[in-house]
Amino acid sequence: MTSAKLRSTSHSWRGSVRRDFGKQSQKLQLFFKSLKLDPRKTLVCLEHTGVYNIHLVEVLCKLGFHVWLESALRIKRSIGMVRGKSDKIDAGRIAKYAFLHQEQANLWIPSREIIKSLKSLLSQRARLIKAKLILITPIEELAGLGLKKNLATLKRSFDPHWQR
C-alpha cells in the first residue's frame with residue numbers, strides 16, 4: 001500500500017467492497033458512511049504500515065470507529081504457511097485474523113498533538129543526520145587517499161556546520 005492509494009476492504013462475510021482513495025478525507029468519510037455501519041459497534045483492523053495508514057486511522061477515529069492496528073508479522077504467524085499474495089488476499093487474511101482474535105484487540109489511541117510534533121521533528125532530524133553522513137563520508141575518505149588539499153577546500157565549504 002502506498003500513500004497515494006488506499007485500498008479498503010469491508011468484510012461482512014458476504015464479500016468485500018474495494019475502492020481506491022487518495023488522501024481525501026471527505027471521500028473516505030462518505031465511503032464509510034455509505035457502508036451503513038454503526039461505528040460504536042464496528043472494529044476496524046488494519047495492518048500497521050507506519051505513516052502510510054495514519055490518515056485512514058485518523059478519519060476512522062473521527063467517525064467514531066474502533067481501530068486496531070496489528071503487526072503484519074503477527075498476522076502472518078497466526079495464519080501459518082500460505083501461498084498467494086495480493087491486496088485482496090491480504091485483506092481477507094486480515095479480516096479473518098481480526099474475527100478470530102477480536103478479544104485480544106488493542107485499540108489505537110490518537111497521540112496528542114505535541115507528541116505527533118516531536119515524532120515528526122525527531123524523524124526529520126534522523127534523516128538530516130543520515131544525509132550529512134552520506135555527504136561527509138566520501139570527503140573524509142579523501143584524506144586517506146592523500147588528497148588533503150582537496151579535503152581542506154571541501155571542509156571550508158561545509159563550515160561552520162562541519163563540527164556539529
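Helices (H or I, at least four residues) and strands (E, at least two) are DSSP runs, counted off from the N terminus. With those labels, Lys36 sits in the loop between H1 and S3. Keep in mind that this is a predicted model. The protein chain has six helices and four strands, and this briefing spends most of its time around strand S4, which covers residues 66-70.

**The chain as a whole**

- Reading from the N terminus, the elements go β-β-α-β-α-β-α-α-α-α.
- The protein chain has 164 residues, and 23% of them count as buried.
- Take the contacts between residues at least 6 apart in sequence: 49% of them join residues at least 24 apart.
- The chain exposes about 12,400 Å², with carbon and sulfur atoms supplying 57% of that area.

**Strands S3 and S4, with H2 in the unit**

- S3 (residues 43-47) and S4 run parallel, joined by five bridges.
- Within that pairing, Val44 stands opposite Val67 of S4.
- Add helix H2 (residues 54-63) and you get a right-handed β-α-β unit made of S3, H2 and S4.
- Is S4 mostly covered or mostly open? Mostly covered: four of its five residues are buried.

**Val67, a residue in S4**

- Val67 belongs to strand S4, and its relative accessibility is just 1%, so it counts as buried.
- Which residues does Val67 touch, if you skip those up to four places away in sequence? They are Val44, Leu46, Val57, Leu60, Cys61, Asn106, Leu107 and Trp108.
- One of those contacts is Leu46; Val67 and Leu46 are 21 residues apart in sequence, and their C-alpha atoms are 7.6 Å apart in space.

**Glu70, also in S4**

- Glu70 is another residue of strand S4.
- Is Glu70 buried or exposed? The cut-off for buried is under 20% relative accessible area, and Glu70 has 6%, so it is buried.
- Leaving out neighbours within four places in sequence, Glu70 has contacts with Cys45, Leu46, Glu47, His48, Ile75 and Tyr97.

**The nonpolar cores**

- The largest nonpolar core has 14 residues, and the ones touching the most other members are Phe32, Leu46, Leu56, Leu60 and Phe65.
- Helix H1 (25-34), S3, H2 and S4 each put at least two residues into this core.
- Which element gives the largest share of the core? That would be H2, with five residues.
- Phe65, one of the well-connected members, is in contact with Phe32, Leu37, Pro39, Thr42, Val44 and Leu60, not counting neighbours within four places in sequence.
- There's also a second, separate core of six residues, and among them are Cys45, Trp68, Ile75 and Ala98.

**Aromatic rings**

- How many aromatic pairs does the structure hold? Three.
- Phe31 and Phe32 make one of these pairs, edge-to-face, with ring centres 5.2 Å apart and 70 degrees between the planes.
- Both partners are tucked away: Phe31 is buried at 6% relative accessibility, and Phe32 is buried with a relative accessible area of 7%.
- Trp68 and Tyr97 have ring centres 5.7 Å apart and planes at 40 degrees, so this pair is tilted.
- Because Trp68 is in strand S4 and Tyr97 is in helix H4 (residues 87-100), the pair ties together parts that are 29 residues apart in sequence.
- These two rings belong to buried residues as well: Trp68 has 1% relative accessibility, and Tyr97 has 5%.
- Phe31, Phe32 and Phe65 come together as one aromatic cluster.

**Back to Lys36**

- Most residues other than glycine have a negative phi.
- Lys36 isn't a glycine, yet its phi is positive, at about 55 degrees.
- Is Lys36 buried or exposed? Exposed means over 50% relative accessible area, and Lys36 has 75%, so it is exposed.

**What to take away**

- S4 pairs with S3 through five bridges, and with H2 these strands form the right-handed β-α-β unit.
- S4 also supplies at least two residues of the largest core, while Trp68, in S4 too, is listed in the second core.

Notes: Residues are numbered from 1 along each chain as its sequence is written. This is a predicted model: local features need pLDDT of at least 70, side-chain atom pairs count only at pLDDT 80 or more; totals for chains, interfaces and linings use all residues. Side-chain values use heavy atoms; hydrogens and water are left out. Buried means under 20% relative accessible area, exposed over 50%, partly exposed in between (1.4 Å probe, protein chains only). Two strands pair if DSSP finds at least two bridges between them. A crossover is right-handed if, with the strands pointing away from the viewer, the path from the first strand over the helix to the second runs clockwise. A nonpolar core is a set of buried Ala, Val, Leu, Ile, Met, Phe, Trp, Tyr and Cys residues joined through side-chain atoms within 4.5 Å. Contact means heavy atoms within 4.5 Å. Rings of Phe, Tyr and Trp (its six-membered ring) pair if their centres lie within 6.5 Å; planes under 30 degrees apart count as stacked, over 60 as edge-to-face and the rest as tilted. Accessible areas come from the Shrake-Rupley method with a 1.4 Å probe; for residues, only the protein chains shown count as cover.
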